[in-house]
Structure formats: structure tokens, C-alpha cells
Amino acid sequence: MANSNLKTLRDSAAMRWIALLLLALAMFCSYIFMDILSPIKDLMLSQRGWDSTAFGTMQGAETFLNVFVFFLIFAGIILDKMGVRFTALLSGAVMLVGALIKYYAIADTFIGSDIEKWFTENLNYIPGLDELGVSPFYKGMPASAKVAAIGFMIFGCGVEMAGITVSRGIVKWFKGREMALAMGSEMALARLGVATCMIFSPFFAKLGGNVSVSRSVAFGVVLLMIALIMFIVYFFMDKKLDEQTGEAEEKDGPFKVSDIGQILSSSGFWLVALLCVLYYSAIFPFQKYAVNMLQCNLHLTTPEKGSFWADDSVTIVQYVIMLIVAAAGFASNFMKKKDLKYAMLVVSIISLLVYCYMGYMRQSAEAIFAVFPLLAVLITPILGNYVDHKGKAASMLILGSLLLIACHLTFAFVLPLCGNSPVGGVVIAYITILVLGASFSLVPASLWPSVPKLVEPKIIGSAYALIFWIQNIGLWLFPLLIGKVLEGTNPELAAKIKAIKETTKHAVEAGNMTIQEANAQVAAVSENVAVSYNYTWPLVMLAALGVAAFFLGLLLKAVDKKKGIGLEEPNIK
Ligand SMILES: C[C@H](N)C(=O)N[C@@H](CCCCN)C(=O)O
């Protein structure tokens, strides 16, 4: 340490930010794995014989153990009892184990194995869960999807445990300092992970012209190994800090399970938790359908093979531009000189415009949607900084909810009118996605740093875990509900698929068509159906969540004022 007056590692700004970088990089890698199959749903259907139900059930498995086996509650208790560094290592290892299982399920070696045979014949019915409609498996689910679901369930435990651990770690290193800026920066890197995944998962799957879905998952597994290394390095820094502080926090008031009652009796906690589940249910589940929603509304026409815009190298160039947007925007937060700060912002904004233009030329719904996390990368740290110095967290929650409502209503009612105006449609889509990105910065940047104001330090881990658990119920429920509302409000599309399946089946039975021809016809109709959905009602449902979040935000602001919780107060006084 350069300054001899510094007492502990966290008193050194450099050390604090290195600790944050380690935690944030681990979350960056985890968020990439979390959505690794989302942008290649079409390939999972064509390469592994899954259908939409198998895909949706496998994706939903991520929250299963957390929600129904209460793993997240245990994770919070482990965190408060064992501390940040132990739980960080544990979560890194759990994520990796889950990811390896998922990789094995998708790998070529799984096909034709005894394990595949066993899973095809077994695990079709879980008594009790089937009746409740919450089973992560069902009869007829492809064996690879069942094993991938098991892996994803385990990964889900690890990644949520990592989420609460990282939040607790940031509080430990930054409380009373730039805590919201640090949380905002960590989330910014996580958002960059989502954008990276949107671009690189399909890229690796299609690399070199031969399709391999397991290559994408392998990419994610390697990143999770890096995440574990980050947590190991963090382990030693955290240990050193505890040696310097004499583990004062833990010794002064050891955590007891009964302390959880204290959390549950706080009205502020409940309002924040409910606002969190409502808001995030309108964001993360939407993220899983957003690319398809754009395809359905914008009628994008992929550039012809061999053309400039269809080339793989353009994807890389676009990603590099994305990194420039993120790096310049992020760095502008830390520039002391005003000129340099504005110069960075201008570079970032110009790069963002170039990125948007390329997305339009490539007619790629994935690339268009990737600006969503990108704006959050830019402004979450700025807003975090604002919360640190000016406060206004409750007001930001209210504004974020209002923007969410406006965006979902624009997607629902304005975007469908633009289908025949390619440029107008894409411009409106970009603007709405960017505003949604701003909302997705306002709420997380103000919500997560508010939790330490609601509970005592020794139970922060459990408080984060309880909020995550309540939030996970929504993250489990709403992807299912979106799917159901979508099917329910577009009955003609399911009928179309049923009709072609029946027609081709009869034609094959009558000897008028080969099975290959029949499959090709079904695939052609399915492809057409996949981009023909009307998303109005699922989007109205998500806007309604925003309305409920808005009213809760108003209530929270009133409670904050009455009880003096300090949500509108700055973190640094
Ligand atoms: C999905 C996860 N439960 C979640 O809520 N993630 C938050 C970040 C929480 C803070 C992590 N240190 C998100 O906004 O991604």
C-alpha cells in the first residue's frame, strides 16, 4: 500500500476496486452461461430434436431448486454463517458442476449412450410435482433436455448463490464509500455478459460453417472455470481483509437463524422484495422472448449468404464496437477532467450509433436486442454514482417502473404498426429498447444498494437471499405465463402446425410422401409460424407488472418518509 496511514485493504481504493473486478468478472462469466442456449433455440430444435416445450422446460429448470427446494434460503444462511469468501468458492464450484453436466447432455458423446437410454425411459413423472404443474421433467421430454435441465438446476443454485454473495461482498468492501457505484459497475459487467452471450453463442455454434451446439456450451464452461479462478483469487484478498479487521463484523454479533424473523417483520423489506419480483418478472422473462418478439413484429429479412453483411467477421467487428461503446461509456464515469469525460461519452455514443446501423444492415434481431444490456452498461454506474452522492433511490424506482410500462406498451401497440416500414420499425425498436435499458439501469442501481439500509449488517446475506427467492418465483412463473398467453392468444398458429402434421402424416401413410419430405414441410410451416406470433397480450401483461411496481414504488417512498429509512438519502454523507 502506497499510503502508510491506510489501515486495511479496503481503505485502499485500488484494492477495493480490484476486489470488485474479481467479483464482477466472475458474474460476467456466469451471466454468459445463464443465457447460453437462449439465442440458439432454433439450433437446439433442429440439432437435438427438442421442441419449444422441451426448451422452455429446460430453461425453467434454472430456478427450480431455488424456488421449490428453498435452496436460496439455505444459501443466505450459509452466506451469513460462513462468510463471503467460503460462499463465493462454493458457488463457483456449484456453477461449474452444473455447467459440466449441461455440457455433457448437449455433447455428441451423449447421443446413443446408456445414460441417454436410461433418461429416455425414466424420470417421466414426479409424483406431486406433475399435479401441481411445476415438474421440471415430463413424459416424452428428450433425454438430453432432461439431463441439461438437471445441470441447469444445479447451475441455477450456484449462480443465485454467487449473486447474493457478490452483493454481500460489495457491501463488505464498499459500505460508507462508493457502494452504489460499485454495485452498478458489477451489474454493468454482468449486462455486458448478456450482450456477449447474444452475439457469441450463435457465433460459436455456427463457427466455420459446421453447426455444433456443444461448442457454445463449451465456451460457457471455459468461462465458468475462469469465474472459479476469480473467486479463488478473491478468497485470499478477503482472508487478508478479515485478518486486518479481526473479523469484527462476524464476532460482534454472530448470525442466528431466528434473525430472519427480524427481516420478515420489516415493511420496507417487503415493499422492496415485492417491487423486485414485479419489476424483474417484466424484464428477465421478457429477455427470453424479446428476440422472437422483434422477429415477429419487424419481419426481418436475413442478408443473403455470401453477402458482406452475412459474413462472420462482421459479427466480430460489431462486437468490438460494442466493447468500445461499453469501455468508453464506463471509463467516462471515472474521468476527473470534464473534457475527457465528455470526449469519452461522445466516442461511446458515436460507436453506439455505428453499432445500431450495423444491426439494422445485418437484419439481426439478436444484434438489435443486444443494445438492451448495452445501455445498462453505460448508465448503471452513472446512476449508482448518483445514488451514492445524491440519493433519491425510491424516486428512481418509481421512474424506472414508469419507463418499463411505456416500453412494453410501445412494443405491444406501436411496433406491430411498423411491420411494413423496415427503417421506421427498427428505429422505434432501437429507441424503445434503449429506454427499457435506461429503466433497467434505474431500478437495479437503486434497488440493490437500498437493502443494507433495511436490515442489520449481519443478516444482509439472508435479506438478499430472501429477496432473490421471492424474485425467483416470478422468474420461474412468468416465462411459463408468457408462453401460455402467447399460445392462448394465437390459436390459429398452433392449429396450422397441427394441420400440417396431420396432412403430412396421412400423406406418408398413403405412400404419397416420404418421411423426409413430410419433416421438411412441417419444418417449413414451423419456421413460418415461429415468426408470426402476435405478442400484444403477453406485453400488456408485462406492462401490468410495471403498473403494480409503480404503485409499490409510491408506497415505498411514503413509508421511507414516514419511518426515516433513508432511501432518498445519499450513501456517502
Ligand atoms: C437474477 C438475479 N437474481 C438478480 O436479481 N440479479 C440482479 C443483480 C443482483 C445483484 C448482484 N450482485 C441483476 O440485476 O442482474
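This is a short chat about a predicted model of a protein chain with a ligand.

Visitor: What are the ground rules for this model?
Guide: Residues are numbered from 1 along each chain as its sequence is written. The model is predicted: local features need pLDDT of at least 70, side-chain atom pairs count only at pLDDT 80 or more, and totals for chains, interfaces and linings use all residues.

Visitor: Where is confidence lowest, and where highest?
Guide: pLDDT is the predictor's confidence in each residue, from 0 to 100. In the protein chain the lowest is helix α12 (residues 248–252), with a mean of 50, and the highest is helix α6 (residues 84–106), at 97. Helices here are DSSP runs (H or I, at least four residues), numbered from the N terminus. The chain averages 89, and 96% of the residues score at least 70. Where pLDDT is low, the predicted coordinates should not be read in detail.

Visitor: And the scores for the model?
Guide: ipTM is 0.97 and pTM is 0.88.

Visitor: Which residues surround the ligand?
Guide: Among them are Glu 160, Glu 186, Tyr 280, Trp 448 and Phe 468, where a residue is near if its C-beta atom, placed from the backbone, lies within 6 Å. Helices α9 (143–174), α10 (179–205) and α22 each give two or more residues to this shell. The largest share, 4 residues, is from α9.

Visitor: Glu 186 is in that shell. Buried or exposed?
Guide: Glu 186 is buried, because 27 other C-beta atoms lie within 10 Å; the cut-offs are 20 or more for buried, 12 or fewer for exposed and partly exposed in between, with C-beta atoms placed from the backbone. Glu 186 lies in α10.

Visitor: What does Glu 186 touch?
Guide: Leu 20, Leu 23, Ala 24, Met 27, Val 166 and Ile 170, leaving out residues up to four places away in sequence. Contact requires C-beta atoms, placed from the backbone, within 7 Å.

Visitor: Different topic: how does the length of α25 work out?
Guide: Helix α25 covers residues 536–563, so its 28 residues should span 40 Å at 1.5 Å a residue; the expected span is 1.5 Å times one less than the number of residues. The end C-alpha atoms are 40 Å apart, which agrees.

Visitor: What covers its buried side?
Guide: The cover over the buried residues of α25 includes α14 (267–281), α15 (284–298), α20 (393–414) and α22 (460–489). Those buried residues include Leu 542, Phe 550 and Asp 560.

Visitor: What comes just after α25?
Guide: Gly 564, with a positive phi of about 65°.

Terms used
Two residues are in contact if their C-beta atoms, placed from the backbone, lie within 7 Å.
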